[in-house]
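Biologist: I would like a close look at a single part of this model. Please take me from the overall layout down to the detail, in one connected answer.

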2 protein chains.
Amino acid sequence: MNKALGIDIGGTKISWALINFQGEIINEIEKTSTPKTKDEIVALLKNIISKYENEIDFTAIATAGAVNNENTGVIGSTANLANGYKDIDFQSLSTKKVFIENDANCAAWAEYKIGASINCKNSIMLTLGTGVGGGIIINGKLLKGKSGAAGEMHFMMSRKKERKCTCGTWDCFEAYASGNGLRLTGAEIFEDDNITTYDIVEKASKGDKKAILALETWQNDIALGVLGLNNIFDADCFVLSGSMEKFVNTETIEKFVNENIVTTPTKIYHAKAGNYAGMIGAVLLASELI
Amino acid sequence: MNKALGIDIGGTKISWALINFQGEIINEIEKTSTPKTKDEIVALLKNIISKYENEIDFTAIATAGAVNNENTGVIGSTANLANGYKDIDFQSLSTKKVFIENDANCAAWAEYKIGASINCKNSIMLTLGTGVGGGIIINGKLLKGKSGAAGEMHFMMSRKKERKCTCGTWDCFEAYASGNGLRLTGAEIFEDDNITTYDIVEKASKGDKKAILALETWQNDIALGVLGLNNIFDADCFVLSGSMEKFVNTETIEKFVNENIVTTPTKIYHAKAGNYAGMIGAVLLASELI
């Protein structure tokens with residue numbers, strides 16, 4: 001059959017489509033709101049999978065949350081998903097193989113196989129959205145760590161407890177490089193706690209100097225994080241994705257990083273695999289691993 | 001023969017010994033000052049190797065500086081070694097195989113094979129000396145990156161240009177977590193630029209509150225870096241080595257990291273493989289790779 005059902009499970013919505021092993025979506029993408037309880041999520045997934053089960057080799061799920069090294073279940077809690085989500089037995093949803101992987105890891109894999117980082121065996125994807133997600137590929141394999149939770153972009157950008165992070169600690173890269181980080185940087189510059197990310201981007205587009213400073217400061221924070229990551233990983237390239245990446249100048253970041261690097265120069269790219277990189281990457285990864 | 005000549009090339013001295021494939025040093029360790037020119041280094045190495053060539057399977061060298069992915073040569077410049085060091089053709093020094101790897105990577109490998117991090121397939125060694133070295137093992141393999149330069153502990157601990165780092169940029173982990181970082185932290189607390197690392201440690205041992213604060217601040221900076229690294233790598237364990245590690249309380253760091261972690265709990269160990277972990281690790285690594 002050489003095709004699979006790809007499913008993307010996020011905190012807000014669940015999307016799915018048939019995808020071939022070249023990473024092409026071969027029917028209409030469907031989507032619905034993510035149910036609020038574990039049982040409703042299970043019922044929905046069973047219903048979706050049963051429709052396609054006869055025409056697919058397997059189901060591949062890109063999900064929020066960390067996924068174990070066996071690609072069978074979610075570990076730890078996922079703040080944006082129903083209680084008990086981590087206890088779902090995904091394999092029980094289908095008579096055919098069900099593969100799951102973290103959505104940022106899947107998207108990084110899609111970029112590596114069919115997107116911006118093709119042939120970059122050592123590449124790092126940063127998803128700049130409300131938060132910051134990370135997917136790291138080393139020597140052609142996903143970095144998973146001892147339990148599958150690797151790739152969290154919570155390394156410190158200050159030792160002085162200046163900005164609380166959603167993870168409960170202070171001054172993580174995510175707290176500065178995310179959309180929320182831009183908002184907080186803007187709030188500091190405008191001395192206005194009510195300013196939104198949208199306000200900042202809108203004002204900057206009209207030439208407002210404070211808003212431009214907020215965007216530049218935010219972009220410089222991203223660049224400092226990328227510099228640190230490349231000193232650790234000596235990566236072929238970085239891919240920036242997510243709703244905020246369109247406000248980033250990759251050339252400026254690349255220049256800064258390569259001028260200050262201890263290891264060897266890298267490249268910074270905008271993501272190319274599109275909004276459905278998660279489910280596409282899940283299918284491409286599963287097609288190699290199962 | 002099942003033994004090799006292990007050589008450790010540092011900025012100050014060169015050490016060597018016969019080492020078996022269990023990582024045991026089987027004769028007296030010899031050492032001499034590192035010559036000041038490339039030609040003298042080459043002559044010295046040839047002389048050392050020629051003495052042992054008939055009784056070894058290969059020569060394995062742990063060297064300062066980043067080493068390429070083929071383990072044949074040094075890439076980039078190494079500030080503490082002679083001009084032209086990176087142009088040495090190490091294989092030409094012997095009729096038997098010559099293997100080289102970065103010294104921090106070799107020491108991390110020795111800890112993984114016979115030291116503190118045995119069975120930790122995902123482990124990170126931090127060498128706390130004048131600077132900070134790093135050796136990272138992922139899924140039982142050294143993290144080398146695209147060119148071999150990975151593992152540099154230069155990620156930022158501040159976005160505000162507070163402390164210049166030896167790498168030319170600002171506020172790297174190394175600038176805080178190193179022995180020199182302790183000295184600078186002490187200089188800030190004592191408001192005395194002439195204070196030495198030795199002074200700080202000595203005063204602290206006598207109960208001086210400022211000195212104790214300097215050591216605690218330094219240790220907390222190390223803990224913040226370890227926390228960030230474990231959020232990225234989800235490591236089984238960290239190993240602390242180098243001349244400064246004896247001033248670190250691993251239990252305090254482990255407790256802080258595990259209370260604040262986004263991924264899963266880790267362990268912090270003192271190094272166990274000893275002062276010659278570099279040459280031992282070089283031999284153990286080469287015995288698997290060549």
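Biologist: Into which domains is chain A divided? Start there, then go in close on domain 1 of chain A.

Modeller: The model is predicted. Chain A is divided into domain 1, covering 3–108 + 275–289, and domain 2, covering 120–270. Their C-alpha centres lie 27 Å apart. The contact between them takes 10 residues from domain 1 of chain A and 13 residues from domain 2 of chain A. On the domain 1 side, the elements that give two or more residues are β5 (66–67) and α2 (103–114) of chain A. α2(A) gives the most to that side, with 4 residues. By class, this side of domain 1 has 6 nonpolar, 4 polar and no charged residues.

Now the close view. Take helix α8 (residues 277–289) of chain A. At 1.5 Å a residue, its 13 residues should span 18 Å. The end C-alpha atoms are 18 Å apart, so the expected and modelled spans agree. Of the 13 residues of α8(A), 11 are buried, so the helix is largely enclosed by the rest of the structure. The buried residues start with A277(A), G278(A), M279(A), I280(A), G281(A) and A282(A) in the list, which goes on with V283(A), L284(A), L285(A), A286(A) and S287(A). What do they pack against? The partners are β1 (3–9), β2 (13–20), β4 (59–63), β7 (98–102) and α2 of chain A.

One of those partners is β4(A). It is mostly covered, with 5 of its 5 residues buried. In a regular strand the side chains alternate between the two faces of the sheet. Both faces of β4(A) are covered. T59(A), I61(A) and T63(A) are buried on one side, and A60(A) and A62(A) are buried on the other.

β4(A) also has strand partners. β1(A) and β4(A) run parallel and are joined by 5 bridges. I9(A) has T63(A) as its bridge partner in β4(A). β4(A) and β7(A) run parallel too, again joined by 5 bridges. There, A62(A) has E101(A) in β7(A) as its bridge partner.

Helix and strand meet again in the nonpolar core. The largest such core has 192 residues. I61(A), M279(A) and A282(A) are among those with the most contacts inside it, and so are I61(B), M279(B) and A282(B). The surroundings of I61(B) can be spelled out. Leaving aside residues up to four places away in sequence, I61(B) touches I7(B), I9(B), F90(B), V98(B), F99(B), I100(B) and A282(B).

How do the two chains meet, and how many residues are in contact? 34 residues of chain A are in contact with 34 residues of chain B. Helix α6 (residues 209–233) of chain A gives the most to its side, with 7 residues. That side of chain A divides into 15 nonpolar, 13 polar and 6 charged residues.

Chain B also offers a sheet to set beside these strands. It is an open sheet of 5 strands, in the order β10-β9-β8-β11-β12, with mixed pairing. β10 (141–142) and β12 (267–270) of chain B stand at the edges, each with a single partner strand, so one side of each is left without a neighbour in the sheet. Strand β8 (residues 123–128) and strand β9 (residues 132–138) of chain B pair in the antiparallel sense over 6 bridges. Within that pair, I124(B) stands opposite I136(B) in β9(B).

How values were computed:
Residues are numbered from 1 along each chain as its sequence is written. Chains are lettered from A and ligands numbered from 1 in the order in which they are written. This is a predicted model: local features need pLDDT of at least 70, side-chain atom pairs count only at pLDDT 80 or more; totals for chains, interfaces and linings use all residues. Domain bounds come from an automatic or database domain assignment. Two residues are in contact if their C-beta atoms, placed from the backbone, lie within 7 Å. Ala, Val, Leu, Ile, Met, Phe, Trp, Tyr, Cys and Pro count as nonpolar, Asp, Glu, Lys and Arg as charged, and the others, Gly among them, as polar. A nonpolar core is a set of buried Ala, Val, Leu, Ile, Met, Phe, Trp, Tyr and Cys residues joined through C-beta atoms within 7 Å. A residue is buried if 20 or more other C-beta atoms lie within 10 Å of its own, exposed if 12 or fewer, and partly exposed in between; C-beta atoms are placed from the backbone. The expected span of a helix is 1.5 Å times one less than its number of residues. Two strands pair if DSSP finds at least two bridges between them.
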